[in-house]
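User: Can you walk me through how two chains meet? I'm new to this, so please keep it simple.

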Amino acid sequence: MKAVTNKVTLIALFLGLSIQPLLAQEQIIKDLFETGNEKKYAFYASTLRMVNLTKNKEYNELVNGIDKLLVYSLDSATIASKSYKKVADAYLNEGFEEYIMAFGGDINIALIGKENKRANEFAGYTNMDGNTFAFYLRGSIAWEKIPSLLKSIRKEEFLTFLP
Amino acid sequence: MKKGIIAFVLIIGSMAAMAQGKLVANYFDDLADNEAYTKVSVSSKMFSLFTELEAGSEAEKEFLKAVSKLKGLKIIAADSIPNSASMYKKAINDVNKAGYEELMSVQDAEENMKFSIKEKNGVIEELLMVAGGKKRFVLLSLYGEIDLKNISKIAQAMKVEGLQNLSKLDESSN
């Protein structure tokens with residue numbers, strides 16, 4: 001009985017140690033934006049599939065590997081102070097690499113990422129229609145499905161569900 | 001000795017890679033806080049994602065292969081600046097000083113545009129575009145391994161205004 005307990009403890013410890021660095025990365029965006037005034041959305045593969053009302057196959061394949069997507073709709077004070085830009089610096093300090101950065105004028109986009117064996121992680125911010133969002137994504141994205149997804153959107157097979 | 005040669009080659013290689021896009025990077029630094037200019041930077045990590053895309057036709061395969069060899073793209077653009085003419089002049093001057101070779105220039109009543117390249121051993125390592133209009137200014141650097149045959153297709157896909165002029169290179173080569 002004691003041996004079994006030891007084994008379970010070891011497995012729990014191993015799992016805890018494996019997940020802990022990922023949770024630490026997630027905590028960075030939480031620390032930056034969870035001030036009480038933001039709107040936070042948490043999506044998982046299941047919820048991301050749920051919003052696909054037209055059951056678009058490519059979309060489902062694209063999101064199937066996503067463990068978690070956190071989206072923060074930022075408040076006006078954060079947008080005015082441009083403090084959302086800290087998310088890029090914070091993750092770059094953690095070894096994330098730059099994918100796309102666009103800034104100046106009306107554009108503010110950053111996509112940075114880190115690929116590793118356990119899980120890929122992406123973070124950044126973007127502004128759309130006067131709103132600014134910061135995000136953190138953990139999991140794998142089936143990038144190869146993007147062209148066929150775009151074709152579906154062009155053919156209007158896939159209805160937009162975002163506001 | 002062998003290790004020393006490898007280290008030397010690696011240092012020279014990394015220095016060459018860092019030099020690519022350096023001219024535009026300097027403008028990035030200078031104009032970082034100037035909201036009149038939009039700055040866009042796409043890294044090799046982003047281009048490497050293209051290797052994962054599913055290509056339908058042979059032409060798409062060739063296109064994705066060309067894109068995957070790119071190491072970066074930097075754009076500085078402004079649509080409404082009073083000093084666009086002087087910015088254009090300064091950029092052209094800097095490009096000439098930095099030893100780029102002129103590839104093509106387009107001039108009309110609205111805008112001047114100049115394409116320049118940096119070539120090494122028959123491979124184009126960087127393509128620069130400088131455009132200046134009445135109030136418009138664009139400085140673009142595309143670097144990596146650039147295949148001129150596919151560059152107009154890349155230009156079309158990127159939808160960067162002015163870059164479509166590169167299709168004229170295809171027409172002139174036919």
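Analyst: Sure, let's look at where the chains touch, bearing in mind that this is a predicted model.

User: How many residues does chain B bring to the contact with chain A?

Analyst: Both chains chip in here. Chain A gives 18 residues to the contact. For chain B, the number is 17 residues.

User: And what area do chain B and chain A bury between them?

Analyst: Carbon and sulfur atoms carry 52% of that area. On the chain B side, 33% of what gets buried comes from Glu35(B), Lys45(B) and Glu54(B), more than any other three residues give. Between the two chains, the total is about 1,700 Å².

User: Which residue of chain A forms a salt bridge with Lys45(B)?

Analyst: Three salt bridges are counted between chain B and chain A. In the one with Lys45(B), the closest N and O atoms sit 3.7 Å apart, and that fits the cut-off of 4 Å. The partner is Glu97(A).

User: Which element of chain B gives the most to the side that touches chain A?

Analyst: Two elements, strand 1 (38-43) and helix 3 (44-48), each supply at least two residues of that side of chain B. The top one puts in six residues. That's strand 1 of chain B.

User: Strand 1 of chain B also pairs with strand 3 of chain A, so to speak; which way do they run, parallel or antiparallel?

Analyst: Four bridges join strand 1 of chain B to strand 3 (residues 97-104) of chain A. Across this pairing, Phe103(A) stands opposite Lys39(B). The two strands run antiparallel.

Conventions
Residues numbered from 1 in each chain as written. Chains lettered and ligands numbered in written order. Predicted model: local features only at pLDDT ≥ 70, side-chain atom pairs only at ≥ 80, totals over all residues. Heavy atoms only, no water. Contact = heavy atoms within 4.5 Å. Buried area = accessible area lost by both parts, 1.4 Å probe. Salt bridge = Lys/Arg side-chain N within 4 Å of Asp/Glu carboxyl O. Pairing = 2+ DSSP bridges.
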